[in-house]
Amino acid sequence: MASSDPNKLLTKADKLTRLSLTRWSADWKSATGLYEQAANGFRLAKDYEKAKIAYEKASKGQEMLSSPWDAAKHMESAAALAKDLSNWQEVGDFYRKASELYMECGRPQPASDALAKGARALEDTVPEEAIQLYTDACTILEEDGREQMAFDLYRAATSVYIKLEKYTDAASFLLRLGLSADKCNATNSQCKAYLSAIIVYLYAHDFKQAEKCYNDCSQIDAFLRSDQNRCASKLLSAYTDGDIEEIKRIAQSSTVSHLDHVIIRLARKLPTGDVSALKTVTAEDEEEPLDENDLT
């Protein structure tokens, strides 16, 4: 049947959206139905490039018909096909567009989910873009007061940062997770996030930042009274003492074993630098008491 040929359906739909001497207004309703049929036909025929184009046009049609929800669904279908075709630029663009359309419907959860799908698809090929998508997905949920729904997204972004060896950014994202957990009264997640951030700083051999992070987080009562706080305190003391065996023992503790796998892997590699130098610096600080008579 000629009418079931997706190429002819696509051509017919395109004609319905073009203005001419005989057509003064586009017939988006009829065209969108044809685009949807064409997209399904191309997909069944495994012609994914044309199916992607048809879904893109169907999304545009639903948008013109003031149906952003259906438009978003079609845009997600186009994005999934772009992923199969390894067209990474379109993957990011299409999932972003789908997210915007969901937001037009006042639906932040699927808007965030669309960005997260894009991020997962781009983690290995365009990690920087994946991080941005994860960040934007988190922001949507934060602004809607749904921080708890973003916990896995914070962790996913942290994992990509660690793969990129951007440890300061990874620690910052963990602290952001801790702040969101605090708003949800998710104390366990909060304390794990703070200990994880301290471990990331230690892995990056930034003892001063790890110590500052510990002191800042210890201002929060929930963390101060936690097993994670005691673990962090022992870990920092072991660094100060230059006790490599104690550092390794703490890294094997059950408190650390309950953290995310990517953090456990870092902890098991501690210490990464020369901790004896830290011990020397600490000892010098202790051996130089303030001379009150020396005001120079």
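## Exercises on a predicted all-helix model

Glu-165 is exposed, with a relative accessible area of 57%. That residue comes back in Exercise 4; keep in mind that this is a predicted model.

**Exercise 1. Work out what the chain is built from and how its overall dimensions look.**

Start with secondary structure: the chain holds 17 helices and zero strands. Next, take the radius of gyration, which is 27 Å, while a compact globule of 296 residues would come out near 19 Å. Then check the box along the principal axes: the C-alpha atoms fill roughly 100 × 40 × 30 Å. Finish with burial, where 46% of the 296 residues count as buried.

**Exercise 2. Find the residues that touch the most other members of the largest nonpolar core, and say which helix gives the largest share.**

The core has 96 residues, and Ile-199, Val-200, Leu-202 and Tyr-239 touch the most other members. The largest share of this core, eleven residues, comes from helix H10 (residues 187-203). Now pick Ile-199 and skip anything up to four places away in sequence: its contacts include Leu-235, Val-256, Ile-263 and Leu-270. As background, nonpolar side chains in soluble globular proteins tend to be buried together.

**Exercise 3. Decide whether Leu-122 is buried or exposed, then list its contacts.**

First, locate Leu-122: it sits in helix H6 (residues 108-122). The cut-off for buried is under 20% relative accessible area. Leu-122 has 0% relative accessibility, so it counts as buried. Leaving out residues up to four places away in sequence, Leu-122 touches Trp-88, Val-91, Gly-92, Pro-127, Glu-129, Ala-130 and Leu-133. For a distance check, go to Tyr-48: Leu-122 and Tyr-48 are 74 residues apart in sequence and 19 Å apart in space, C-alpha to C-alpha.

**Exercise 4. Track down some unusual backbone geometry in the loops.**

The yardstick is simple: most residues other than glycine have a negative phi, and most peptide bonds are trans.

- Glu-165 has phi near 60°, a positive value in a residue other than glycine. Its place is the loop between helix H8 (151-163) and helix H9 (167-183).
- Asn-185 is not a glycine either, yet its phi is positive at about 60°. You'll find Asn-185 in the loop between H9 and H10. With 67% relative accessibility, Asn-185 counts as exposed.
- For the peptide bond, look at Leu-270 and Pro-271: the bond joining them is cis, with omega about -5°. Pro-271 belongs to the loop between helix H16 (261-267) and helix H17 (275-287).

How values were computed. Residues are numbered from 1 along each chain as its sequence is written. This is a predicted model: local features need pLDDT of at least 70, side-chain atom pairs count only at pLDDT 80 or more; totals for chains, interfaces and linings use all residues. Side-chain values use heavy atoms; hydrogens and water are left out. Helices (H or I, at least four residues) and strands (E, at least two) are DSSP runs, numbered from the N terminus. The radius of gyration is taken over C-alpha atoms; the globule rule is 2.2 Å times the number of residues to the power 0.38. Buried means under 20% relative accessible area, exposed over 50%, partly exposed in between (1.4 Å probe, protein chains only). A nonpolar core is a set of buried Ala, Val, Leu, Ile, Met, Phe, Trp, Tyr and Cys residues joined through side-chain atoms within 4.5 Å. Contact means heavy atoms within 4.5 Å.
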